[in-house]
Amino acid sequence: MDYGTDLTIEDLRTHYDAVIFATGAIKDADLNIPGIELDGSYGGADFVSWYDGHPDVPREWPLDAKEIAVIGNGNVALDVARVLSKHADDLLSTEIPDNVYAGLKSSPVTDVHVFGRRGPAQVKFTPLELRELSHSKDVDIILYPEDFEFDEESDRQIQTNNQTKTMVGTLTNWIAEQPEDLSELKASRRLHLHFLHSPVEIYDDPETPGKVAGIKFERTELDGTGNARGTGEFVDYPVQAVYRAIGYFGSALPEIEFDHKKGVIPNDGGRVLDASGSHVPGVYATGWIKRGPVGLIGHTKGDALETVTYLLEDRENLPVASVPAEDAVVDLLDARGVKFTSWEGWLALDAHELALGAAATEAGGSHGVEVKRERIKVVPREDMVDISRDGVAAQV
Ligand SMILES: NC(=O)c1ccc[n+]([C@@H]2O[C@H](COP(=O)([O-])OP(=O)(O)OC[C@H]3O[C@@H](n4cnc5c(N)ncnc54)[C@H](OP(=O)(O)O)[C@@H]3O)[C@@H](O)[C@H]2O)c1
């Protein structure tokens with residue numbers, strides 16, 4: 001069911017007293033550097049959608065690079081780097097869709113380089129996700145002593161913020177344990193964590209025009225305020241693919257005001273605003289479309305509480321739905337020929353995916369690997385809807 005095509009704001013207003021938009025942010029933020037449009041330059045968010053089995057992205061992902069750069073030092077950069085560097089067989093115990101397993105299995109990758117533009121005390125990722133990296137089998141993590149710069153502001157951060165302290169502790173332990181001679185590391189794949197690198201240009205090669213052949217960075221130094229500035233020194237890394245994981249950006253929704261600079265629906269604590277800054281009665285927002293793409297699930301829950309609190313505060317003055325009958329929307333969707341699913345349909349799809357996983361486990365695993373498969377995800381939208389509707393029909 002698509003808001004804006006299958007159902008309009010007017011339809012929703014007809015059937016409900018209030019609407020809450022929780023549409024999130026799924027697109028990659030832009031990175032404006034030369035070469036970003038080259039073949040082999042990707043958005044991290046798009047890649048996440050692919051490996052999570054999002055139905056609206058192509059089933060195939062080009063995985064032909066041996067050396068890969070990931071730009072950004074947030075959790076998405078770490079997730080992307082972890083999936084790119086891990087051996088596909090080690091992902092079979094997760095909910096990895098079959099097309100994703102097949103793609104990753106064929107990947108010739110040997111080196112994944114993650115680049116942060118500030119120092120180790122300024123990373124945005126979180127301790128759990130950092131430690132998760134070290135659990136990948138046959139993948140060595142490599143750090144570089146010249147990237148370990150701490151200024152007074154970093155020291156202040158380390159002393160006052162437990163998370164920063166833990167992260168810097170983990171990174172400094174890893175580098176202390178690393179052999180001086182890197183050739184002693186024997187894993188078949190390497191994950192390099194670089195700091196103080198700001199991306200300048202992605203370039204191609206005269207022999208393969210239009211295709212990523214490398215990336216240029218300017219080395220940076222901390223400026224004492226928590227930020228970094230360029231040093232005028234440039235370094236090149238030969239890579240055949242670049243993933244930018246520098247944040248998400250929200251998408252505009254039909255008939256709802258949108259802040260194109262921030263990528264959010266303008267709102268006051270969750271009450272949606274119109275172009276003149278006035279509350280639109282009965283329309284609310286929550287999550288990343290409300291406050292931008294930051295924060296973990298816990299923050300999002302607090303944020304939802306704020307929106308719902310305002311909605312309840314407004315309840316006496318909400319515009320009243322003219323057709324509030326529970327089945328009215330269902331009838332409308334049926335009349336328009338929209339193939340939608342219901343909560344029961346979702347449960348049927350869930351049961352189907354779990355049964356696929358159980359059958360694979362009983363048969364001894366998947367793809368020749370003996371592994372317990374919790375579930376096998378169904379990826380195409382049509383199949384998901386058909387299975388959920390058939391499942392409900394079968395129960396009736
Ligand atoms: N497993 C999990 O719990 C999980 C998984 C995924 C996402 N998340 C959460 O989802 C939210 C979004 O994550 P995210 O990783 O997309 O964003 P993020 O945490 O905001 O990190 C973005 C990273 O990109 C860097 N960056 C931004 N613009 C850049 C540029 N022009 N050049 C180079 N680097 C640039 C930032 O550097 P600066 O810091 O210098 O700006 C930062 O390191 C976060 O709150 C994250 O924790 C959580």
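**Ligand site and strand β5**

A polar side-chain atom of Arg-118 lies 2.7 Å from an oxygen atom of the ligand; a polar contact is a pair of N or O atoms within 3.5 Å, and within protein one must be able to donate a hydrogen and the other to accept it, with residues adjacent in sequence counting only if both atoms are side-chain atoms. This is a predicted model, in which local features need pLDDT of at least 70 and side-chain atom pairs count only at pLDDT 80 or more, while totals for chains, interfaces and linings use all residues. Residues are numbered from 1 along each chain as its sequence is written, and side-chain values use heavy atoms, with hydrogens and water left out.

**Ligand surroundings**

- The ligand is surrounded by 22 residues, and the closest are Asn-73, Asn-75, Arg-117, Arg-118 and Gly-295; a residue is near a molecule if one of its heavy atoms lies within 4 Å of it.
- A polar backbone atom of Gly-295 is 2.7 Å from an oxygen atom of the ligand.
- In the side chain of Glu-129, an N or O atom is 3.2 Å from a nitrogen atom of the ligand.
- Taken alone, the ligand exposes 920 Å², and the protein buries 80% of that (Shrake-Rupley method, 1.4 Å probe).
- The shell around the ligand has eleven nonpolar, six polar and five charged residues; Ala, Val, Leu, Ile, Met, Phe, Trp, Tyr, Cys and Pro count as nonpolar, Asp, Glu, Lys and Arg as charged, and the others, Gly among them, as polar.
- Helix α3 (residues 75-85) gives the largest share of this shell, three residues; helices (H or I, at least four residues) and strands (E, at least two) are DSSP runs, numbered from the N terminus.

**Domains**

- The chain is assigned domain 1 (17-24 + 256-320), domain 2 (27-248) and domain 3 (343-395), with bounds from an automatic or database domain assignment.
- The ligand lies between domain 1 and domain 2, because both give residues to the shell around it.
- The C-alpha centres of domain 1 and domain 3 are 35 Å apart.

**Strand β5**

- In strand β5 (residues 111-115), five of five residues are buried, meaning under 20% relative accessible area (exposed is over 50%, partly exposed in between; 1.4 Å probe, protein chains only).
- Asp-111, His-113 and Phe-115 are buried on one side of β5, and Val-112 and Val-114 on the other.
- Strand β4 (residues 67-71) runs parallel to β5 and is joined to it by five bridges; two strands pair if DSSP finds at least two bridges between them.
- Opposite His-113 in β5 stands Ala-69.
- Strand β7 (residues 189-194) also pairs with β5 in the parallel sense, over five bridges.
- Opposite Phe-115 stands His-194 in β7.
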